[in-house]
Structures are given as structure tokens and as C-alpha cells.
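Open your viewer, clear any selections and keep the command line handy. We will move from one selection to the next, with a short note at each stop.

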2 protein chains.
Amino acid sequence: MSANKTRVRQENRGTAPGDAVGEANAPSSPVVKFGSEAPLKLDCGVELSPWQVAYQTYGTLNAERSNAVLLCHALTGDQHAASINPVTGKAGWWDLLVGPGRPIDTDRFFVICANVLGGCMGTSGPANIDPATGEPYGLNFPVVTIRDMVRAQARLLDHLGIDTLFAVAGGSMGGMQVLQWASDYPDRVFAAIPIATAARHTTQNIAFHEVGRQAVMADPDWCRGNYHAEGKRPTKGLAVARMAAHITYLSEEAMHRKFGRRLQDRDALTFGFDADFQVESYLRHQGMTFVERFDANSYLYLTRAMDYFDLAADHNGILTGAFKGTRTRFCMVSFTSDWLFPTEGNRKVVHALNAAGARVSFVEIETDRGHDAFLLDEPDLDLAVRGFIDSAARARGLPHKDLEEGKRV
Amino acid sequence: MSANKTRVRQENRGTAPGDAVGEANAPSSPVVKFGSEAPLKLDCGVELSPWQVAYQTYGTLNAERSNAVLLCHALTGDQHAASINPVTGKAGWWDLLVGPGRPIDTDRFFVICANVLGGCMGTSGPANIDPATGEPYGLNFPVVTIRDMVRAQARLLDHLGIDTLFAVAGGSMGGMQVLQWASDYPDRVFAAIPIATAARHTTQNIAFHEVGRQAVMADPDWCRGNYHAEGKRPTKGLAVARMAAHITYLSEEAMHRKFGRRLQDRDALTFGFDADFQVESYLRHQGMTFVERFDANSYLYLTRAMDYFDLAADHNGILTGAFKGTRTRFCMVSFTSDWLFPTEGNRKVVHALNAAGARVSFVEIETDRGHDAFLLDEPDLDLAVRGFIDSAARARGLPHKDLEEGKRV
């Protein structure tokens, strides 16, 4: 599992910052390329080769290689968890939780975040060049699963010479990966922090994803997935998909508080179809900015992977079987107003972990901000993650930097 | 307010049954046409002329003209509440609640249901021919409101010589019309049954509608609303809009019970983008059948009318003002699993009615079927409506047919 056991080539920098399509093939973050001698076996039966994984790291790996933390990103996230995103120019998606002195403290931990398999920021996905044709894969890319994403991450860790993760953490689709990690590689995960997630995608969530996919596929510029070659982009369809999804990330309470029925830059209703209401204008903006940074086919693949996720299915429908004999410590977090991944689904995982005799703590955080709360400034999330990480670090025998240096605490 | 005061022409039958576009201009139900001498004044300031209203009736108007019940349909409903729909060939949308011996008993009451203004089943809407151009209005049709719909219905009642309604009833957008009726014409409504509705559209509901409109408008076959003239139809965009909306009509519990994660006509996941899951197949079917019977522009207009609905806004934001001094009896009904028009929104209306000193009963029905419960076989809905109607009929002095004939009961 050390670096020299796998023959790989590594490039440190891509060439097209600020360009979402360029990032797929030449990411502006480190990338590991696996050649034909190191294919990735996928659940669908395909052996993907060549393939690559793009990632970002923060902090320093200690001599014992015992302080690594893997972050798993959500559907539209990427490896830039705590650094400036090269496409958007904005702060990373978990900048609030990850950094020097933050709950996931980059002064103490070696933090790794990889773009998921099927993504569009440098890890192999449908926007990458298919070596068989010299054109982007499009729908020729194999359909991947959450387990496949985790397999790819495990291969990255092998390459980096990291046998055991101190912790793996993530929300939403990231939380699914956390659960898959704990289930498939129990000896490689000391602590796990699945947030706002579930052991399987619900019927309603599959339905919302299907609407998003149909919106993309209804756009004639999708060209049956072949839009790269045709010089087009299904931006309208993808924007509609994003708008629909975005509603599910918020709560009615949060939307009401933010927008209510307030009008956008006007004093009265216009009796037309422009964005009279602020919430309409906001949603349109969300749709338009999303298509600038995301590949439409990736959206199809990643939503599909979430739909397919059903951790109990591999254990005769008994979720506890997925965690049998686990020694991993878990900290599960849900949010009261999250109707996409409601507390109930999180609690089912906790019950299964309890039945498996696992160490597990469960925090339901009171907030009106819906599913997106895991990305926002939620002091209780900060506290829960900080407390769990500190406690697990002591159990793992990791020194507490603050105590060492006699400052902070 | 009697028939002879308004010069109108009446046609009994259209010529294009089974054809949604044909129904708009030549409905296969009675239609009243109002000429240039009888324009309809709209909230947007336009005086619509000529205009028409298509309707259906069941039962017989009594000599006192006191047994009329008006049904108000929801977003995608029509006048065929209790008879075979000429386009779909299916039973009417409220067939379970309306008919001989049913809670809204067509043996006792003269039941009227009109297609709403802006609709596409014979009442004036964007699919109707604009006399100024000889082409369908498209976006040249004025944006209408719930109040405009009610104005049009009031004009129909004038034409039919009905001064006072014994009752007005409807769910969802139909419930909005019921509330508007009670507010604008308190002396013409003896009893009102608003179901699964609210006094204003919520932020989240506006957001969902905006997604639907954007899906339609993103379809190049929408042709900026001019698709009729171009010989096209934005079926893909409208199907996506319907799919997204359909999710909001159900509850997660109902979807889980109906479909769960069961696969559609296959034993295993296909690792592709076909409809693997039953819920995907179901949604696609809902989208495809909807576009056969509904006009895309009508969908834009009617969702807009719902978004604009805010009954308190005309009373300085005080909802009670909308019902000041009312003598109408109300029976408000909500459903526990309805997350589109949750009980909370219904209860706000009840509180306003209480504050106005109105007679009001409120029934929250326990069901897992979501918003669509008002259209389904819900015994408690049947009981609530039957009990309220019977009680109101006694108060109104309407004879009870069963008692008269000494049978049933």
C-alpha cells in the first residue's frame, strides 16, 4: 500500500485555471495518473484504464503517517475544500470547518480531498478524454457508484503511502462515501464523520434527481451526451436541474426568511414572466453560475451514483451487516430542517451502528437552514466536529498541538 | 344578474373532442361567449374582449335558484369535475366527491364547474385565438390573477341567473379561488369549502413554479411562447415541469410506499440512464401524458396566478380584513402529509376567519398521501364534506332528498 508498490505518474499542475472543462483533463491541483497496468475495477464490471484522480492536500503528514484526514465532497463539490477554487475564485466549500485552528485543524492533520470518480475537476469522469477515441467520454464513461468513488480514493491513499486514515468526513453524498469507507475498509478508518446523509437514497430523492437528469437530457444542446464534440453545452437544461435541486437544499423557513414574497428591484408586480420575486431572481442566478463550473454529464453520473447507493443491499438488506465488528468511532450529524436527508435517515444509520456495537455519537443540530447547513456557519456543527475530533485524536495518541506549544486551548 | 341582462352567445358543443388544442377554442362543453360590449376587467388593467368561459354542470337548478354549488379546479384541472374528460377519456377529477349520493350530491345540488381564465379547455387563455391577429394569443394574453378567475366565474353565474351560491368548493389553486370568492362576493357565498390551500403562495412554492416555468421556457420548441404559430410544442420542457411539480404533490411516505427503491421491469441495476427505478418510470409517464392534454403557455399563466395570490395584501397585510363581517360558513380541510400546502398555512386562514368572527370548522385529515389527497379516495374527506354540506343545507333550508323520498340515510 505504499507509493512504490503502484507505478504511477504524477503531475502537479494543470494548465487551464478558471476553465471547468480544462480542469477535467488538466486540473490545477495535483493529479495521480494510473496507467494500463493499474486499472480501477468498477461495480458495473468495467476495468477503467487509464484513469486519474485529482486531489488537494492541506497540512503535513506526520512521520507515523497517522494524522491523515480524508474529506469526501458532495454532489457539486470538488477537491478544493479549503483553498481558493480555481474555477470560481471563491473560498473552498469547507473553509469554515477546515484550516489552521479550525475543527479539522490543518496545523495538526494532513487533510486530503479528492475529486470524486465521475466528477469534472480532474478525476476521471465523462468530460475526460477517452483514449480510445481522443474525444471526451460522454456517455461512454462507465456508470460509477459510491463504492467506486471510495475505491478510487483508497487507491490514491495507497499511492500516498497512507495505510490508515485518522478520520474520514463529509456531508450529503460525501457522507455516503464516509459510510462506504467505514463499511469497506474498517481497518483503514479510525474515526468517521458522516453528516446529513443516509444509508440509501430515498424514493423522493431519486425522483428529484430524475427530474434533474431529464432537464439536462431535454436540452437539445446535450446532443445525447456528445455536446463536447458538437461544440455545444446544455446550459439551459443544467440550469433548470440546478434550480430544482437548489430548492431541496434549503428549507421553506430559510427561503421565507431570506426572500419571503419580496419583489426584485421593483415596487409592484409586473404582470409578466420576468423575475418579479427575489426568490426567482436568486434561483435563476444559482442556475446560471452553476453551469459555468460544472459538466452536465458529470451531473448525470453523480446523481446516478447517489440513486444507486443502498449500503444495506450488499448485506441482505440488513444495514447492521455493513458495520459488523467495526472498531471505527462514528460521529453522525443531522439538521432539524433538512428534508432532503432528514434526521430519520441519519438515525437509521445510528441504530444500525448501535446494533453492530459500534462507538457512535449522534448530534441533531437545531437549524432552519435545511440540508445546506453542513456547508454553512453553524456553531453547533463546529463544536460537534471539534469535540469529536479532539477526543478521537487523544484516543489515537495524536499530540494536541495547542498543549504542546502551550498556547490557545 | 340574470341571463337577459348580459348579451351573450352560447354554444353547446365544440368540434374537436380528444384534442387539447382544439378544446381551447372549441370546447366540448357548454361555453359562454362575451362580446366587445361585455369585456372582463382584469387586475393587470387590461379589459379582455371578446372572452369566453367554458363550463360543465351536473344536476338541476331548483326553482328558488338556491341550490347551486360552484367547484373551482386546481392548476391542471378543468371543468370536467364529475364527467368523462373529453381529452383523456378518464373520469372527472372530483368524481369521488361529486355525483348522485356523493357528498356533493348532484341529486340535490346544481353543480357548476368552469375552466379557469388562463386555462386551455375552453375558457379564454393563451391558446385561444387572439381576434386582433387571428393567431393564438401566446404571451400576448394578459397575465391573470386568482381574482380575475373568480371575476370570470361570477360573470358566468350572472349569465346563468344565479345570484347566490349555496356553496363553493375546491382544493389547492381551487381553494385559493374559494377564499377569493368568499372575500370578494361575501353575499353570494353561503358556504365555502377551501381544501389544502393557503391565503398566499409560499416562497418555496413560488420557487418550484419558477423551476417549472424555466423548464418550459428552456425548451427551444417553446419559441418564446409562439409555438402554435411555428407548428411546434415544447413537450420536453413541459414534461420536466410536470415531473418536478408531481413530486411536490406526493409525500415521501406515499412515494416510498408506492415505489420504494423497486426496479422497473428488471432484476438488477443496469448501470445506465434508463428508468431503472419504478419511481423514474412513473414520473416519466406523468410527464409524457400531461403534455398530451395541457397547453404549455397555460401552465406559465396559471402558475403565475398562484404565485401572485396574496389575499392579505389587499387589506394592508391583515388577512382578517379579507373576511370582515362575513356571514359565510367555512369548512377548511388540510392533510397532515401535505408539504406543498401544509396545515400551518390552512390554519392561518382559520385564525383569520376566527378573528373575523366567521363560522368556521377546520379538519386536519391524517393521511400519508400528500397534497394530492384532496383528489383521492380519503374517507375522512368524504365524511367532512358530507357533514358540512348537510349541515349547511339544513341552515339554508334546502330539503334533504333522502328524507323526502324516505330512502337511504
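Two residues are in contact if their C-beta atoms, placed from the backbone, lie within 7 Å. With that in mind, please select P136(A): leaving aside neighbours within four places in sequence, this proline is in contact with P126(A), A127(A), N128(A), I129(A), D130(A) and H228(A).

Before going further, a word on the model. It is predicted, and local features need pLDDT of at least 70, side-chain atom pairs count only at pLDDT 80 or more, while totals for chains, interfaces and linings use all residues. Residues are numbered from 1 along each chain as its sequence is written, and chains are lettered from A and ligands numbered from 1 in the order in which they are written.

**Stop 1: around P136(A)**

P136(A) sits in strand β11 (residues 135-136) of chain A; helices (H or I, at least four residues) and strands (E, at least two) are DSSP runs, numbered from the N terminus. A residue is called buried if 20 or more other C-beta atoms lie within 10 Å of its own, exposed if 12 or fewer, and partly exposed in between, with C-beta atoms placed from the backbone. P136(A) is buried because 23 other C-beta atoms lie within 10 Å. Now add I104(A) and draw a C-alpha to C-alpha distance: the two are 32 residues apart in sequence and 36 Å apart in space.

**Stop 2: strand β14(A) and its partners**

Select residues 329-335 of chain A, which form strand β14, and colour them by burial: seven of the seven are buried. Both faces are covered, with R329(A), C331(A), V333(A) and F335(A) on one side and F330(A), M332(A) and S334(A) on the other.

Next, show the pairing; two strands pair if DSSP finds at least two bridges between them. Which strand is joined to β14(A) by seven bridges? That is β15(A), residues 359-365, running parallel to β14(A), and here F330(A) stands opposite V360(A). β13(A), residues 189-195, also pairs with β14(A) in the parallel sense, over three bridges, and A191(A) stands opposite R329(A).

Add helix α10 (residues 343-355) to the view: β14(A), α10(A) and β15(A) make a right-handed β-α-β unit. A crossover is right-handed if, with the strands pointing away from the viewer, the path from the first strand over the helix to the second runs clockwise.

**Stop 3: the core at A167(A)**

Centre on A167(A). Leaving out residues up to four places away in sequence, this alanine touches V69(A), F190(A), A191(A), A192(A), I193(A), I389(A) and A392(A). A167(A) and A167(B) have the most contacts inside the largest nonpolar core, which has 266 residues. Such a core is a set of buried Ala, Val, Leu, Ile, Met, Phe, Trp, Tyr and Cys residues joined through C-beta atoms within 7 Å.

**Stop 4: helix α2(A)**

Select residues 146-160 of chain A. Is this helix largely enclosed or open? α2(A) is largely enclosed by the rest of the structure, because 12 of its 15 residues are buried. Among the buried ones are I146(A), R147(A), D148(A) and H159(A). Just after the helix comes G161(A), with a positive phi near 75°.

**Stop 5: backbone details**

Select S49 and P50 in both chains. The peptide bond from S49(A) to P50(A) is cis, with omega near -10°, and the one from S49(B) to P50(B) is cis, with omega near -15°. P50(A) is in the loop between β4 (47-48) and β5 (51-58) of chain A.

Then try S172(A), a residue other than glycine with a positive phi, near 60°. S172(A) lies in the loop between β12 (165-171) and α3 (173-184) of chain A, and counts as buried because it has 27 C-beta neighbours inside 10 Å. On chain B, R65(B) has a positive phi near 55°, and this arginine is partly exposed, with 15 other C-beta atoms within 10 Å.

**Stop 6: where the chains meet**

Finally, show both chains: 43 residues of chain B are in contact with 43 residues of chain A. On the chain B side, α4(B) gives the most, with 11 residues. By class, that side has 24 nonpolar, eight polar and 11 charged residues. Here Ala, Val, Leu, Ile, Met, Phe, Trp, Tyr, Cys and Pro count as nonpolar, Asp, Glu, Lys and Arg as charged, and the others, Gly among them, as polar.
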